[in-house]
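Here are some short exercises to work through with the model open beside you. Try each task before reading its solution.

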Amino acid sequence: MDRPALIDRTDALSARPWRRLLERALGAARDVPTMLSTEEQKLYYWLAGFWAEGAGAIVDLGCFAGGSTARLAEGRRVAGLVPPIHAFDRFTADARTKEAILYRQGVTPFEGDDILPLAQAALAPWAPGIVFHRGEIDRMDWQGGAIEVLVMDASKTVESGDAMAATFFPHLVPGGSLVVQQDCLHWSQPWLPAQMERLGGCFRPVGHAPRDTVVFLCERVPGAQELEAARIAPFDDAALDASLAAAGAWLAPLGLAGRIEQTRASLAANPGKRRAFQFVKP
Ligand SMILES: C[S@@+](CC[C@H](N)C(=O)[O-])C[C@H]1O[C@@H](n2cnc3c(N)ncnc32)[C@H](O)[C@@H]1O
């Protein structure tokens, strides 16, 4: 009798298995303020808890007050993984963000814009497994070896997206690393799906968590010349739109072609814009 084939851990992502998790599985991580949707929170926990094997670091670009890192850290804890989680951010929040995100999620109002102490306190339950990196990620280096899960939520300008890809993508492992593009489908960052499509020979889209996250498997590590050729900053709107059209076809098997059409409409309504905060929703 034939045995049923084992489901590959990466192929399993297309079925969004994290949706079956009860919210309480996330434990103390649920108490840490976040901008993530509920499903995205479960995805992060699931990736660290059920997908990762401890073959490299987990890197969180855009930790904010600790929300994404906490979901990853709780997954890491239950899986008994050894490599630490590296949390990158400039760790500041303006008055509007404090009001709209932090205070609404129970943080006591505080003076100033420094949120590193807040993130450190919120992530204390998972210490010492978290390494904080404060600063402009575009100007930072990575010396931490192989990266197994790379979460990207700080590519808010086209230059940042190019710089972070150049710094971190060379440390991915072919067939063994995921890139989680948190805002890949957000209408204010058209350079993200375009960039991944430009590197389509190196990555395969393998999962989606609403609202805006797309997960990519690294199949081949892009070389320096490929990364240079995939830089989106030099693109004019027509070239960016052409890459978006190609990205729509590429992401269609995940049911995301319509989302990319929305991003194209947003680009058309925001000509020449290359910073997320400049975009106005069409
Ligand atoms: C959308 S928030 C991240 C939300 C977070 N992952 C969560 O779970 O709530 C984006 C974060 O990226 C950070 N960021 C954006 N661009 C950055 C840069 N160039 N260098 C460092 N941090 C940056 C911001 O400070 C902000 O905290």
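**Exercise 1. Find the loop that holds proline 128, and describe the peptide bond that joins alanine 127 and proline 128.**

Solution. Start with the flanking elements in this predicted model: helix 4 covers 116–122 and strand 3 covers 130–134, and proline 128 is found in the loop between them. Next, look at the bond joining alanine 127 and proline 128: the peptide is cis, with omega of about 5 degrees.

**Exercise 2. Which peptide bond joins proline 210 and arginine 211, and where is arginine 211 found?**

Solution. First read omega, which is about 10 degrees, a cis peptide bond. Then place arginine 211: it lies in the loop that runs between strand 6 (203–209) and strand 7 (213–218).

**Exercise 3. State the sign of phi at phenylalanine 64 and locate this residue.**

Solution. Phi is positive, about 55 degrees, although phenylalanine 64 is not a glycine. Phenylalanine 64 sits in the loop between strand 1 (57–61) and helix 2.

**Exercise 4. Describe the surroundings of the ligand.**

Solution. Go from the pocket to the shell, and then to single atoms.

- The ligand takes up the space of the largest pocket.
- There are 19 residues around the ligand, and Thr34, Met35, Gly62, Asp89 and Asp138 come nearest.
- Sorted by class, this shell has seven nonpolar, six polar and six charged residues.
- Helix 2 (67–79) and helix 5 (158–168) each supply at least two residues of the shell.
- For polar contacts, take pairs of N or O atoms within 3.5 Å. A nitrogen atom of the ligand is 2.9 Å from a side-chain N or O atom of serine 68.
- With glutamate 136, the distance from a ligand nitrogen to a side-chain N or O atom is 3.3 Å.
- At isoleucine 137 the partner is a polar backbone atom, 3.0 Å from a nitrogen of the ligand.
- Finally, consider the surface: the ligand alone exposes 590 Å², and the protein buries 92% of that.

**Exercise 5. How are the rings of phenylalanine 88 and phenylalanine 168 arranged, and which elements do they link?**

Solution. A pair of aromatic rings is described by the distance of the centres and the angle of the planes. A search of the whole structure finds eleven aromatic pairs. For phenylalanine 88 and phenylalanine 168, the centres are 5.4 Å apart and the planes are at 85 degrees. An angle over 60 degrees counts as edge-to-face, so this pair is edge-to-face. Now trace the chain: phenylalanine 88 belongs to strand 2 (residues 85–89) and phenylalanine 168 to helix 5, 80 residues apart, and the pair links these distant parts of the chain.

Notes:
Residues numbered from 1 in each chain as written. Predicted model: local features only at pLDDT ≥ 70, side-chain atom pairs only at ≥ 80, totals over all residues. Heavy atoms only, no water. Near = heavy atom within 4 Å. Polar contact = N/O pair within 3.5 Å; in protein donor to acceptor, adjacent residues only side chain to side chain. Areas by Shrake-Rupley, 256 points an atom, 1.4 Å probe, with all protein chains shown as cover. 1 Å grid on protein atoms, 1.4 Å probe; cavity = no way out; pocket = protein on both sides within 12 Å on 5 of 7 lines; lining within 4 Å. Sits in = over half its atoms within 2 Å of the grid points. Helix = DSSP H or I, 4+ residues; strand = E, 2+ residues; numbered from the N terminus. Nonpolar A, V, L, I, M, F, W, Y, C, P; charged D, E, K, R; others polar. Phe/Tyr/Trp six-rings, centres within 6.5 Å; stacked < 30°, edge-to-face > 60°.
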